[in-house]
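Open the model in your viewer and keep the sequence panel beside it. This tour tells you what to select at each stop.

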Amino acid sequence: MKSCIFTCLFISIIFSSQAKAQTSLLVTISNLKNEKGNIKLAVYNSSDGYPGNGEKALEKVVVKIKGNAASYTFQNMAPGTYAIAAYHDENGNDKIDTNFFGVPKEGTGASNNASSWFGPPKFSDAKFNIGNKACSISFRMSY
């Protein structure tokens with residue numbers, strides 16, 4: 001009986017400490033060229049799918065634009081490594097419009113202002129760490 005009580009107490013302490021480890025992440029995107037459409041924002045916790053496969057994102061949100069910026073606070077983020085990908089869906093068609101060569105015609109952005117001359121940014125360039133305290137990041141949209 002004592003071992004059962006101890007086990008239950010131990011498990012509740014573990015779950016309690018994990019719940020306290022959750023924090024928030026404020027993401028702010030600047031350099032938006034207009035207020036048309038929305039910002040599509042996705043957070044990833046691995047390179048798998050980053051940045052183009054939203055189905056592999058940990059969380060995806062649609063954010064309204066105010067002035068030349070947009071911001072969103074992700075809640076209940078566990079400590080770890082993440083990367084953010086965003087695009088400015090100016091025409092509201094829920095996809096990144098590209099030209100004949102596959103170059104985006106709408107704004108794109110990534111955490112750490114990660115970019116690439118050929119193709120999308122890499123997770124390794126966009127990654128950042130979250131600890132146990134609320135944090136914030138900001139990056140610029142590129143057109």
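How many bridges join strand 5 to strand 6, and do they run parallel or antiparallel? Three bridges join them, and the two strands run antiparallel. Here two strands pair if DSSP finds at least two bridges between them. Strands of a sheet pair through backbone hydrogen bonds, either parallel or antiparallel.

**Before you go on**

This is a predicted model: local features need pLDDT of at least 70, side-chain atom pairs count only at pLDDT 80 or more, and totals for chains, interfaces and linings use all residues. Residues are numbered from 1 along each chain as its sequence is written, and side-chain values use heavy atoms, with hydrogens and water left out.

**Stop 1: the whole chain**

Show everything as a cartoon. The protein has two helices and eight strands. Helices (H or I, at least four residues) and strands (E, at least two) are DSSP runs, numbered from the N terminus. From that end, the elements run α-β-β-β-β-β-β-α-β-β.

Colour by burial next. Of the 143 residues, 32% count as buried. Buried means under 20% relative accessible area, exposed over 50%, and partly exposed in between (1.4 Å probe, protein chains only). The protein exposes about 9000 Å², and carbon and sulfur atoms supply 55% of that area. Accessible areas come from the Shrake-Rupley method with a 1.4 Å probe; for residues, only the protein chains shown count as cover.

Among contacts between residues at least 6 apart in sequence, 70% join residues at least 24 apart. Contact means heavy atoms within 4.5 Å.

**Stop 2: strand 5 and its partners**

Select residues 80–89, which are strand 5. This strand is mostly covered: eight of its ten residues are buried.

Add residues 38–44, strand 2. Seven bridges join strand 2 to strand 5, and the pair runs antiparallel. Pick Leu41: its bridge partner in strand 5 is Ala86.

Now add residues 108–110, strand 6. Look across from Tyr87 to find Thr108 in strand 6.

Then add residues 128–130, strand 7. Strand 7 pairs with strand 5 over three bridges, in the antiparallel sense. Thr81 has Asn129 of strand 7 as its bridge partner.

**Stop 3: the loop after strand 5**

Stay with strand 5 and follow the chain towards strand 6. Asp94 sits in the loop between these strands. Its phi is near 60°, a positive value in a residue other than glycine. Is Asp94 buried or exposed? Asp94 counts as exposed, at 54% relative accessibility.

Go on to Phe101, in the same loop between strand 5 and strand 6. Phe101 is exposed, with a relative accessible area of 71%. Show the surface and select Phe100, Phe101 and Val103: they make a nonpolar surface patch of about 440 Å². Patches are made of residues with over 30% relative accessible area and no salt bridge; like charges are joined within 9 Å, and nonpolar side chains (Val, Leu, Ile, Met, Phe, Trp, Tyr) within 5 Å. A salt bridge is a side-chain nitrogen of Lys or Arg within 4 Å of a carboxyl oxygen of Asp or Glu.

**Stop 4: past strand 6**

Select Asn112, in the loop between strand 6 and helix 2 (123–126). Asn112 is not a glycine, yet has a positive phi of about 65°. At 43% relative accessibility, Asn112 counts as partly exposed.

**Stop 5: a buried valine**

Jump back to Val63 in strand 3 (residues 59–63). Val63 counts as buried, at 5% relative accessibility. Which residues does Val63 touch, leaving aside its neighbours within four places in sequence? Its contacts are Asn38, Ile39, Leu41, Ala70, Ser71 and Tyr72. Check the distance to Ile39: the two residues are 24 apart in sequence and 5.0 Å apart in space, C-alpha to C-alpha.

Between strand 2 and strand 3, find the loop that holds Pro51. A cis peptide bond joins Tyr50 and Pro51, with omega about -10°.

**Stop 6: the three-stranded sheet**

Three strands form an open sheet in the order 4-1-8, with mixed pairing. Strand 4 (70–77) and strand 8 (135–140) are the edges, and each pairs on one side only. Select strand 1 (residues 23–30) with strand 8: six bridges join them, and they run parallel. Finish at Ser30, which stands opposite Arg140 in strand 8.
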